[in-house]
There are 2 protein chains.
Amino acid sequence: MTPVRRRTLEILLESHRAMGAYDVLERLSQDGYGNQPPVAYRALDFLVEQGLAHRLQRLNAFAACLSPDRDHAPAFLICRSCDRVAETDAPVLRAAFRETAAERGFKVERLTVEAVGLCPACGDGDDTGADA
Amino acid sequence: MTPVRRRTLEILLESHRAMGAYDVLERLSQDGYGNQPPVAYRALDFLVEQGLAHRLQRLNAFAACLSPDRDHAPAFLICRSCDRVAETDAPVLRAAFRETAAERGFKVERLTVEAVGLCPACGDGDDTGADA
DNA sequence: GGTTGACCTGTTACGTTATTACCTCCATGC
DNA sequence: GCATGGAGGTAATAACGTAACAGGTCAACC
């Protein structure tokens, strides 16, 4: 864990939400680190590899892992209204899927599960969303 | 279904694999259609909406749906070695996940399930892949 | 016939996301 | 000292995606 990587993780943790690589980069460069994309992407890739952060494919964004200590099978609930992301664990789902895939001879290495929908706050009779 | 859309679907079907929007675009323009990105994206978005094609988030790519007739909950097996994509149905998984999400008050509208790993051909003692 | 409106296609221009290639720095081990 | 390898810095560019506008077609309607 190096300074850039640590700071990158802090940025993700502080924001409490998914951030694009370029948003992270901007923060990093404000803190005196490099201002070119690879700086952010390398740090983010490292964090993802270490299980300290996750990549959200549907958002082209990254978020700090909320339970980095234990090995887990994360699934994400992405609110299309307020853009908030909830991380949930779905071990049963993952195991079932692995098995299904194995029946077809496919070895699952990484599994992405992402749902888009409405979070409790936004779905509660409020279809227009609460961006705040 | 218009000529561009039909041709787009044919291109996806002919390739038997996931294609980037720009690859599709190139084929379209070879066939005398427009050569600007919106031409491909509009056709692809239409096909996805109609359930005739799917979007693969991890690949930023599109693939024809293999069973467009029935309503289904697709999950994808993406081989990291040969880039082939297998589409599979996972209704149980989807239902289980919806329930888990509902417990947390989240209304799932769209669910993405994508696995990266090794297909039977590439996992079979062949780690380097078979691009052909 | 003429008009209106919906829908589709085409194009320009631009914004966003991600990677390649190359260089420097520095800690380690010999 | 000096090779080695990991990490970070930078320039340049590739890849992906969208906004905004222009024209064309066609059915519906008066």
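**Exercise 1. The contact between the chains**

How many residues of chain A are in contact with how many residues of chain B? Describe the area buried there as well.

*Solution.* The model is a predicted one.

Step 1. Take contact as heavy atoms within 4.5 Å. On that basis, 33 residues of chain A touch 33 residues of chain B.

Step 2. The two chains bury about 2900 Å² between them. Carbon and sulfur atoms give 58% of that area.

Step 3. Look for the residues of chain A that supply most to its share. F97(A), R104(A) and F106(A) account for 21% of the area that chain A buries against chain B, more than any other three residues.

**Exercise 2. Polar pairs and elements at the chain interface**

Determine how many residue pairs are in polar contact between chain A and chain B, then state which element of chain A gives the most residues to this side.

*Solution.*

Step 1. Between chain A and chain B there are 18 residue pairs in polar contact, counting pairs with both residues at pLDDT 80 or more.

Step 2. List the elements that give two or more residues to the side of chain A that touches chain B: β3 (74-79), β4 (85-89), α4 (91-103), β5 (107-118) and α5 (120-123) of chain A.

Step 3. Among these elements, β5(A) gives the most, with 12 residues.

Step 4. Sort this side of chain A by class: 18 residues are nonpolar, seven are polar and eight are charged.

**Exercise 3. Salt bridges between the chains**

Find how many salt bridges link chain A and chain B, and name the residues.

*Solution.*

Step 1. The criterion is a side-chain nitrogen of Lys or Arg within 4 Å of a carboxyl oxygen of Asp or Glu. Side chains of opposite charge can pair when their charged atoms come close.

Step 2. Over all chains, the rule gives 10 salt bridges. Between chain A and chain B the count is two.

Step 3. In one of them, R80(A) meets E109(B), with 2.7 Å from N to O.

Step 4. Another salt bridge has E109(A) and R80(B) as its partners, at 2.7 Å from N to O. This pair joins two chains because E109(A) sits in strand β5 of chain A, while R80(B) sits in the loop between β3 and β4 of chain B.

**Exercise 4. Strand pairing**

Establish in which sense β5(A) runs relative to strand β5 of chain B, then treat the pairing of β3 with β4 in each chain.

*Solution.*

Step 1. β5(A) and strand β5 (residues 107-118) of chain B are antiparallel and are joined by 11 bridges. Within this pairing, V113(A) faces V113(B) in β5(B).

Step 2. In chain A, five bridges connect β3(A) with β4(A), again in the antiparallel sense. One position to check is L77(A), whose bridge partner in β4(A) is A86(A).

Step 3. β3(A) and β4(A) make a hairpin with five residues between them. D83(A) in the turn has a positive phi of about 70°.

Step 4. In chain B, strand β3 (residues 74-79) pairs with strand β4 (residues 85-89), antiparallel, over five bridges. Here A75(B) is opposite T88(B) in β4(B).

Step 5. The hairpin of β3(B) and β4(B) has five residues between its strands. In its turn, D83(B) has a positive phi of about 65°.

**Exercise 5. The layout of chain A and its domains**

Give the order of elements in chain A, then work out how its two domains meet.

*Solution.*

Step 1. Chain A has five helices and five strands. Along the sequence, their order is α-α-α-β-β-β-β-α-β-α. The C-alpha atoms fill a box of roughly 50 × 40 × 25 Å along the principal axes.

Step 2. The domain assignment places residues 3-64 in domain 1 and residues 74-123 in domain 2 of chain A. The C-alpha centres of these domains lie 22 Å apart.

Step 3. At their interface, 10 residues of domain 1 of chain A contact 12 residues of domain 2 of chain A. The two domains bury about 890 Å², 59% of it on carbon and sulfur atoms.

Step 4. The rule finds zero salt bridges across this domain interface. There are four residue pairs in polar contact, both residues being at pLDDT 80 or more.

Step 5. On the side of domain 1 that touches domain 2, strand β1 (residues 53-56) of chain A gives the most, with three residues. By class, this side has five nonpolar, two polar and three charged residues.

Terms used:
Residues are numbered from 1 along each chain as its sequence is written. Chains are lettered from A and ligands numbered from 1 in the order in which they are written. Side-chain values use heavy atoms; hydrogens and water are left out. Domain bounds come from an automatic or database domain assignment. Buried area is the accessible area (1.4 Å probe) that two parts lose on being put together, summed over both. A polar contact is a pair of N or O atoms within 3.5 Å; within protein, one must be able to donate a hydrogen and the other to accept it, and residues adjacent in sequence count only if both atoms are side-chain atoms. Helices (H or I, at least four residues) and strands (E, at least two) are DSSP runs, numbered from the N terminus. Ala, Val, Leu, Ile, Met, Phe, Trp, Tyr, Cys and Pro count as nonpolar, Asp, Glu, Lys and Arg as charged, and the others, Gly among them, as polar. Two strands pair if DSSP finds at least two bridges between them.
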